[in-house]
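Colleague: Please pick one part of this model and take me through it closely, from its surroundings inwards. I would like the cut-off behind each term as it comes up.

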Amino acid sequence: MDYVNQRVAQEAVKESADYAGLATPLNMILVLITLYTTYQLYKPSAPAALPREPPAVVFKTFTPRTLLPYNGLDGMPVYLAVRGRVFDVTSGRNFYGPGGPYQNFAGRDASRGLACHSFDESMLTKDLDGPLDKLDGLDADAMESLQGWEERFLDKYMVVGKLVAKDDA
């Protein structure tokens, strides 16, 4: 029995010599994980970037010829005219820009085409230096349709100018 008591006493001394308090490898790993997680949660973040404002657009007077380059090609914005008002429809580029279903209206007076629900080139002004289309020959239904389009454009897009004939510019 003395032998057993001696062995127990030896093991107790041996364990107390090996015991280094809380600085065990497992505890060190847990402390490092806790510190890293705390740092990730509370580290200062970069300030939030505010969205850039679109560049200011100056209200301009366009002729059919000066409106033509605004068709969305070569990085240009997409404009179209309806009853003398020029709208910036760049935000609807997938509809009015290159490859869109309404692309033939880009950079042009779209009034007659929208009123008649037609995408034909014949609906567009052919003589860019001549008088504007007075929309003669359109019936009441076509004019009502055109008014609906104009109201939709006024609600959705910004007016950036007016369309006048070359002689009036």
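Modeller: Leu135 is found in the loop between H5 and H6, where helices (H or I, at least four residues) and strands (E, at least two) are DSSP runs numbered from the N terminus. The model is a predicted one, in which local features need pLDDT of at least 70 and side-chain atom pairs count only at pLDDT 80 or more, while totals for chains, interfaces and linings use all residues. Residues are numbered from 1 along each chain as its sequence is written, and side-chain values use heavy atoms, with hydrogens and water left out.

Leu135 has a positive phi of about 65° although it is not a glycine. Most residues other than glycine have a negative phi. With a relative accessible area of 14%, Leu135 is buried, a word that stands for under 20% relative accessible area, as exposed stands for over 50% and partly exposed for what lies in between (1.4 Å probe, protein chains only). Asp74, in the loop between helix H3 (64-67) and E2, also has a positive phi without being a glycine, near 55°, but Asp74 counts as exposed because its relative accessibility is 81%.

The part I would look at closely is the helix that follows the loop of Leu135, namely H6. H6 has 17 residues (140-156), which at 1.5 Å a residue should span 24 Å, and the 24 Å between its end C-alpha atoms agrees with this; the expected span is 1.5 Å times one less than the number of residues. Buried in H6 are Ala142, Ser145, Leu146, Trp149, Glu150 and Phe153. These residues are on the same side of H6 because they cover an arc of only 140° around the axis, the arc being that of the directions from the helix axis to the C-beta atoms. An α-helix has 3.6 residues a turn, so residues three or four places apart point the same way. The other side of H6 carries the exposed residues Ala140, Asp141, Glu144 and Asp155.

What do the buried residues of H6 pack against? They meet strand E2 (79-82), strand E3 (85-88), helix H4 (93-96) and helix H5 (111-116), contact being heavy atoms within 4.5 Å. H6 lies across E2, E3 and strand E4 (158-163), and runs at about 50° to E3, with axes taken as lines fitted to C-alpha atoms, for helices over the stretch in contact, and angles from 0 to 180 degrees between N-to-C directions.

From the E2 side, Val82 is in contact with Phe87, Asp109, Ser111, Leu114, Leu146, Glu150 and Phe153, once its neighbours within four places in sequence are left aside. Val82 and Phe153 also belong to the largest nonpolar core, which has 20 residues and in which they are among those with the most contacts, together with Leu80, Val89, Tyr96, Phe105 and Leu114. A nonpolar core is here a set of buried Ala, Val, Leu, Ile, Met, Phe, Trp, Tyr and Cys residues joined through side-chain atoms within 4.5 Å. E2, H5 and H6 each supply at least two residues of this core, and the largest share, 4 residues, comes from H6. Apart from this core lies another, of 10 residues, among them Leu67, Ala81, Val86 and Val160.

The strands under H6 belong to an open sheet of 4 strands, in the order E1-E4-E3-E2 and with mixed pairing, where two strands pair if DSSP finds at least two bridges between them. Strand E1 (60-62) and E2 stand at the edges with a single partner strand each, so one side of each has no neighbour in the sheet. Neighbouring strands are turned by 40° against each other on average, direction ignored.

E2 and E3 are antiparallel over 4 bridges, and Val86 in E3 is the bridge partner of Ala81. These two strands form a hairpin with 2 residues between them, and Arg83 in the turn has a positive phi of about 50°. E3 and E4 are likewise paired in the antiparallel sense over 4 bridges, with Arg85 opposite Lys162 and Asp88 opposite Met158. E1 and E4, by contrast, run parallel and are joined by 3 bridges, and the partner of Lys60 in E4 is Gly161.
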